[in-house]
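Hi,

Here is the model we talked about handing over. Have a look at it first, and then read on for my notes.

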Amino acid sequence: MSSLIDTMGRPISYLRVSLTEECNLRCDYCYGSAKSRRNTGHQLSFSDTVRLIRAFASSGITKVRFTGGEPLLRREIVDLVKQTSVIPGISHIGLTTNGLTLEPLLPSLIDAGLNCLNVSLDTLNRTVFRKITGVDGFGRVYSAIT
């Protein structure tokens, strides 16, 4: 039983961990017309992130989702998934990504314990994708999910 309870009395079993503010896309809805980077350079270290997940798992968290910015930009993402997968009580490890660098990492992420994936894709039209994201990367994302 979870020792974390929300204001409605429901147990909390899900933790969302934002790994970075960095992103390899420049979508208007995130960056606006300035197209400036928001990255402040402040993010938890690898060891602090694992320690945080362990602490939450000991309080009943069973599901972890890695997000960002773009979580695949963290060099140690595969190791982070692997370390999370061996934490007692954690049964569900998810990741939300824009998919731009997913394809070469996907087999390693699955081997490390990733069992849920959400690819954020605004359109199936290459031209619209480039207009929205500022990057000609539709082919890479589509290839990763097909």
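Below is what turned up when I went through it, element by element. One caveat before the details: this is a predicted model.

**Helix α4 and its surroundings**

I'd start with α4, which runs over residues 102-112. Its buried residues are Leu102, Leu106, Leu109 and Ala112. Looking down the helix axis, you'll find these buried residues within an arc of 135 degrees, so they line one face of α4. That fits the usual helix arithmetic: with 3.6 residues a turn, residues three or four places apart point the same way. On the face turned away from the buried side sit Pro104 and Asp111, both exposed.

What covers the buried residues of α4? The cover includes α3 (77-85), β3 (92-97), β4 (116-119) and α6. Just after the helix, have a look at Gly113, where phi is positive, at about 125 degrees.

**Helix α6**

Since α6 is part of that cover, I looked at it next. This helix spans residues 138-145, and Phe138, Val141 and Ala144 are its buried residues. They take up an arc of only 135 degrees around the axis, which puts them on the same side of α6. Their packing partners are α4, β4 and α5 (126-133).

Ile145, also in α6, is another matter: its relative accessibility is 39%, so it counts as partly exposed. Together with Leu124 and Tyr142, Ile145 makes up a nonpolar patch on the surface. The accessible area of the three together is about 310 Å².

**Strand β2: Phe66 and Thr67**

Next, β2, which covers residues 63-67. Two of its residues caught my eye, Phe66 and Thr67.

Is Phe66 buried or exposed? Its relative accessibility is 0%, so it counts as buried. Leaving aside neighbours within four places in sequence, Phe66 has a list of contacts that takes in Val17, Leu19, Ile53, Pro71, Leu80, Val81, Thr84, Ile93, Gly94, Leu95 and Thr96. For a sense of distance, Leu100 is 34 residues from Phe66 in sequence, and their C-alpha atoms are 16 Å apart.

Thr67 is buried too, with a relative accessible area of 4%. With neighbours within four places again set aside, Thr67 is in contact with Arg16, Val17, Ser18, Leu19, Thr20 and Thr96. If you compare the two lists, Val17, Leu19 and Thr96 turn up in both.

**Salt bridges**

How many salt bridges does the structure hold? There are three, and here they are one by one:

- Asp6 pairs with Arg10, with 2.7 Å between the closest N and O atoms. Asp6 is partly exposed, at a relative accessible area of 22%.
- Asp48 pairs with Arg51 at 2.9 Å, N to O. Both lie in helix α2 (residues 46-57), three residues apart, which is about one turn of the helix. Asp48 has 30% relative accessibility and counts as partly exposed, whereas Arg51 reaches 52% and counts as exposed.
- Glu76 pairs with Arg74 at 2.6 Å, N to O. Glu76 counts as partly exposed at 21% relative accessibility, while Arg74 is buried, with a relative accessible area of 7%.

When you step through these, the Arg74 and Glu76 pair is a good place to pause: one partner is buried and the other is partly exposed.

**Cysteines**

Last, the disulfides: the structure holds zero of them. Cys23 is not part of any disulfide, and the nearest cysteine sulfur to it belongs to Cys27, 6.1 Å away. A disulfide would need the two sulfur atoms within 2.5 Å, so this pair does not qualify. Both cysteines are buried: Cys23 has a relative accessible area of 14%, and Cys27 has 6%.

If you'd like a viewing order, try the α4 buried face with Leu102, Leu106, Leu109 and Ala112, then the patch of Leu124, Tyr142 and Ile145, and after that Phe66 with its contacts.

Cheers

Key. Residues numbered from 1 in each chain as written. Predicted model: local features only at pLDDT ≥ 70, side-chain atom pairs only at ≥ 80, totals over all residues. Heavy atoms only, no water. Patch = residues over 30% accessible without salt bridge, like charges linked within 9 Å, V, L, I, M, F, W, Y side chains within 5 Å. Areas by Shrake-Rupley, 256 points an atom, 1.4 Å probe, with all protein chains shown as cover. Salt bridge = Lys/Arg side-chain N within 4 Å of Asp/Glu carboxyl O. Helix = DSSP H or I, 4+ residues; strand = E, 2+ residues; numbered from the N terminus. Buried < 20%, exposed > 50% of the residue type's maximum accessible area, 1.4 Å probe, protein only. Contact = heavy atoms within 4.5 Å. Arc of directions from axis to C-beta.
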